[in-house]
Amino acid sequence: MIRCVSCGEEYGDDEVIYTCEKCGSVLELVNEIDVSKDIFDGRKDNLWKFKECIPVDETKIVSLDEGGTPFCRCDKLGDELGVNLYVKVEGSNPTGSFKDRGMTVGMTKAMELGVSTVGCASTGNTSASLSAYAARAGLRCIVFLPSGKVALGKLAQAMFHGAEVMSINGNFDEALEAMTALALEKHLYLLNSINPYRLEGQKTIGYEIVRDLGWQAPDRIILPVGNAGNISAIWKGVKEFYDAGFIKDLPMMTGIQAEGACPVTNAFKKGDKRVVPVENPETIATAIRIGAPVSDIKALNAIYDSNGYSETVTDEEILDAQKLLARTEGIGVEPASAASIAGLKKLVDEGVVDKGETITCVVTGHLLKDPNTAIDACTQPTEVDADIDTLREILMNK
Ligand code: F0G
């Protein structure tokens, strides 16, 4: 069953609907887990090991073996910050971001519904993922990208997998509004995270974090927030496992935004339940360059209900954290993902995060998604002839 998160109006699973017809709010799938957690044991470690908890037809699955991503204990960085730190590396998904979790489920639903065309607006990763899964499913794929503001790796993926890519003169919020209008006119099936089936995939990040910790919740899950779907999805996942009795505690959901694109943090700091959109959002972390997040209600509910928090970080703090994670722990992430690490650092300094807390930072996309920012942050290599004497001298003098 699909239910409105605000007024509770109910809809059938097969209705192609993105927002509540009665009140305009966002929707979610309602499902109860009635299996034992033991049935997940021994299955291949991908997202579909949780298939009983995902409300789609398993005979229609479109998968690239997503999920089951690395869960790295990071003692060097954790000790520096005085916390027990684990990093969930979502860049290890097939197209290099967590979006693949949402897309395998969303595309499976598209096959169930028998649609022929899918579409999304995107800051990059959603389009990269959608175009790959549409190719696998054999569907027409249309993507709208904010012109000049999509990292190169993501653009390459969307084009290479054969999507029809439109570069929109406007920001992500404007591109999404246009794409949604076309979906409501039934020209295509919308696979942005306003589609509640997307979040049914992404909730498995929450499932895996508590499973990876030995069926325990961390004290806190920290992640970047843009359109605000993922924080809502992870909270749904951990709550489902809590309600099923698989875990005994719940984590504090902690959302980090870039200073130039922070409507959720602004709302949180005022205690509001809705955001006031930020006009002209700007940040080097283009993945989260979003001013009017569609899942704001769900995200703020997740933060309030979990006794969580929301904070902003500057672009400089993001780039520093990106380098720190890469150089102390060997984990390469794109700028938006590094916001979670930058946020952790800031919250430790502010005393919001207590010493000794067990923290999971979700890093959402791979370093290679945005090669330009990575290259710009480094000193370029010196050109030298392949002469052993010269090379030895340079190395020994360092
Ligand atoms: N991190 C990365 C790498 C992302 O690509 C996104 C969102 C987020 C974090 C934020 O997640 O929107 O669920 O709060 N990217 C979308 C896209 C908007 O189009 O690829 P969110």
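Visitor: Which residue is the bridge partner of Gly119 in β9?
Guide: This is a predicted model. Strand β6 covers residues 117-121 and pairs with β9 in the parallel sense. Two strands count as paired here if at least two bridges are found, and β6 and β9 have 2 bridges. In β9, the partner of Gly119 is Leu190.

Visitor: Which residue in β7 stands opposite Cys120?
Guide: Strand β7 spans residues 140-146. It pairs with β6 in the parallel sense, over 5 bridges. Opposite Cys120 stands Val143.

Visitor: In what order do the 4 strands of the open parallel sheet run?
Guide: β6 pairs with β9, and β6 also pairs with β7. β8 (164-168) and β9 (189-190) stand at the edges, each with a single partner strand, so one side of each lacks a neighbour in the sheet. The order is β8-β7-β6-β9.

Visitor: How many residues of β6 are buried?
Guide: Thr117, Gly119 and Ala121 point one way from the strand. Val118 and Cys120 point the other way, and all are buried. The rest of the structure therefore largely encloses β6, and the buried count is 5 of the 5 residues.

Visitor: Which strands are at the edges of the antiparallel open sheet?
Guide: This sheet has 3 strands in the order β2-β1-β3. Strand β1 (residues 2-4) is joined to β2 by 2 bridges. Each edge strand pairs on one side only, and these strands are β2 (10-11) and β3.

Visitor: Which residue in β2 stands opposite Arg3?
Guide: β1 and β2 run antiparallel. Opposite Arg3, in β2, stands Glu10.

Visitor: Is Val105 buried or exposed?
Guide: Val105 is found in helix α2, residues 99-113. It touches Leu47, Trp48, Ile54, Val56, Tyr197, Glu200 and Gly201, leaving aside residues up to four places away in sequence. Buried means under 20% relative accessible area. At a relative accessible area of 0%, Val105 is buried.

Visitor: How many Å apart in space are Val105 and Asp57?
Guide: In sequence the two are 48 residues apart. From C-alpha to C-alpha, the separation is 9.7 Å.

Visitor: What is the relative accessible area of Lys49?
Guide: Lys49 is placed in the loop between β3 (27-29) and β4 (71-73). Residues up to four places away in sequence aside, Lys49 touches Phe40, Arg43, Lys44 and Arg211. Lys49 is buried, with a value of 8%.

Visitor: How many residues of α7 are buried?
Guide: Arg211, which Lys49 touches, is among the buried residues of α7. The others are Thr204, Ile205, Gly206, Tyr207, Glu208, Ile209 and Val210. Helix α7 (residues 204-212) is mostly covered, with a buried count of 8 of its 9 residues.

Visitor: Which residue other than glycine, in the loop between α7 and β10, has a positive phi?
Guide: Just after α7, Gly214 takes a positive phi of about 75°. A residue other than glycine also has a positive phi, near 60°. It counts as partly exposed, at 21% relative accessibility. The residue is Trp215.

Visitor: What is the relative accessible area of Lys186?
Guide: Lys186 is found in the loop between α5 (172-184) and β9. Its phi is positive, about 70°, although Lys186 is not a glycine. Exposed means over 50%. Lys186 is exposed, at 68%.

Visitor: How is α8 placed relative to α10, by the class of their angle?
Guide: Helix α8 (residues 229-243) and helix α10 (residues 296-305) pack at an angle of about 50°, with axes 8 Å apart. Angles under 35 degrees count as roughly parallel, and 65 to 115 as roughly perpendicular. The angle therefore makes α8, relative to α10, oblique.

Visitor: What is the handedness of the crossing, where α8 passes α10?
Guide: From α8, Ile231, Ser232 and Trp235 take part in the contact. They meet Lys298, Ala299, Ala302, Ile303 and Asp305 in α10. By class, the contact has 5 nonpolar, 1 polar and 2 charged residues. The crossing is left-handed.

Note on methods: Residues numbered from 1 in each chain as written. Predicted model: local features only at pLDDT ≥ 70, side-chain atom pairs only at ≥ 80, totals over all residues. Heavy atoms only, no water. Buried < 20%, exposed > 50% of the residue type's maximum accessible area, 1.4 Å probe, protein only. Axes fitted to C-alpha atoms, helices over the stretch in contact; angles between N-to-C directions. Parallel < 35°, antiparallel > 145°, perpendicular 65-115°, else oblique. Left-handed = near helix turned anticlockwise from the far one by under 90°. Contact = heavy atoms within 4.5 Å. Nonpolar A, V, L, I, M, F, W, Y, C, P; charged D, E, K, R; others polar.
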